[in-house]
Amino acid sequence: MAALKPGDTFPTDVVFKYIPWTEESDDITACGIPINYDASKEWANKKVVLFSVPGAFTPTCSVNHVPGYIQNLPKLREKGVDIVAVVAFNDPFVMSAWGKANKVQNNEILFLSDPEAKFSKSIGWADNASGRTGRYAIVIDHGKIKYADIETEKGAVKKSSADTVLASL
């Protein structure tokens, strides 16, 4: 599959790994049970912002990327966004802990795992050198791609930033 672009249909076989947030597992040292998250099915009738980072707990991702989405969550909701999700190459336990470290509760932002960067590779947006997920953002509106772009400059958070995504909505 080629890179996604506006007007495309979101693929039908996209499954991530995920540990849902629960009050009982809110502590960062608590482990939940990973489940399959069928994004194609869950997002078919919703407005979704999916952004991808190369790795949880890394400087650019933790300082410049995720905080923008946390801060802009109310504005994204005002624009009709039902689901905001971040995806990375990391396993679901690390992604869950990263969400907790960022004090994200009630699944306000889904912290999803793209094992082996399967989805990112399928759209040509994985890093060839490391095999990790690239840094990109995709807006999906009821199964149709409305915005999709990938960062081409190392360490940049421009095309995939919350501000850029908000401007596209």
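Colleague: In this predicted model, which residue's side-chain oxygen reaches to the backbone nitrogen of F93 at the start of α4?

Modeller: The model is a predicted one, and the contact in question sits at the start of helix α4, where the backbone nitrogen of F93 is met by a side-chain oxygen. The two atoms come to within 2.8 Å, and the residue that supplies the oxygen is D91.

Colleague: How many of the ten residues of α4 are buried?

Modeller: Buried residues here are P92, M95, S96, A97, W98, G99 and K100, and what covers them includes β1, α2, β4 and β5. The helix is therefore described as mostly covered, since a residue counts as buried when its relative accessible area is under 20%, and the number of buried residues in α4 is seven.

Colleague: Which helix gives the most to the lining of the largest cavity?

Modeller: A search of the whole structure finds one cavity of 30 Å³ or more, and its volume is about 100 Å³. Among the residues that line this cavity are M95, S96, G99 and K100, and the helix that gives the most to the lining, with four residues, is α4.

Colleague: Is C61, where UniProt places the feature "active site" in an unreviewed entry, buried or exposed?

Modeller: C61 has its place in helix α2, which covers residues 59–71, and its contacts beyond four places away in sequence include W98 and R135. Because its relative accessibility is 1%, and the cut-off for burial is under 20%, C61 counts as buried.

Conventions: Residues numbered from 1 in each chain as written. Predicted model: local features only at pLDDT ≥ 70, side-chain atom pairs only at ≥ 80, totals over all residues. Heavy atoms only, no water. Buried < 20%, exposed > 50% of the residue type's maximum accessible area, 1.4 Å probe, protein only. Contact = heavy atoms within 4.5 Å. 1 Å grid on protein atoms, 1.4 Å probe; cavity = no way out; pocket = protein on both sides within 12 Å on 5 of 7 lines; lining within 4 Å. Points joined across faces, edges and corners; volume = space filled by probe spheres on them. Polar contact = N/O pair within 3.5 Å; in protein donor to acceptor, adjacent residues only side chain to side chain.
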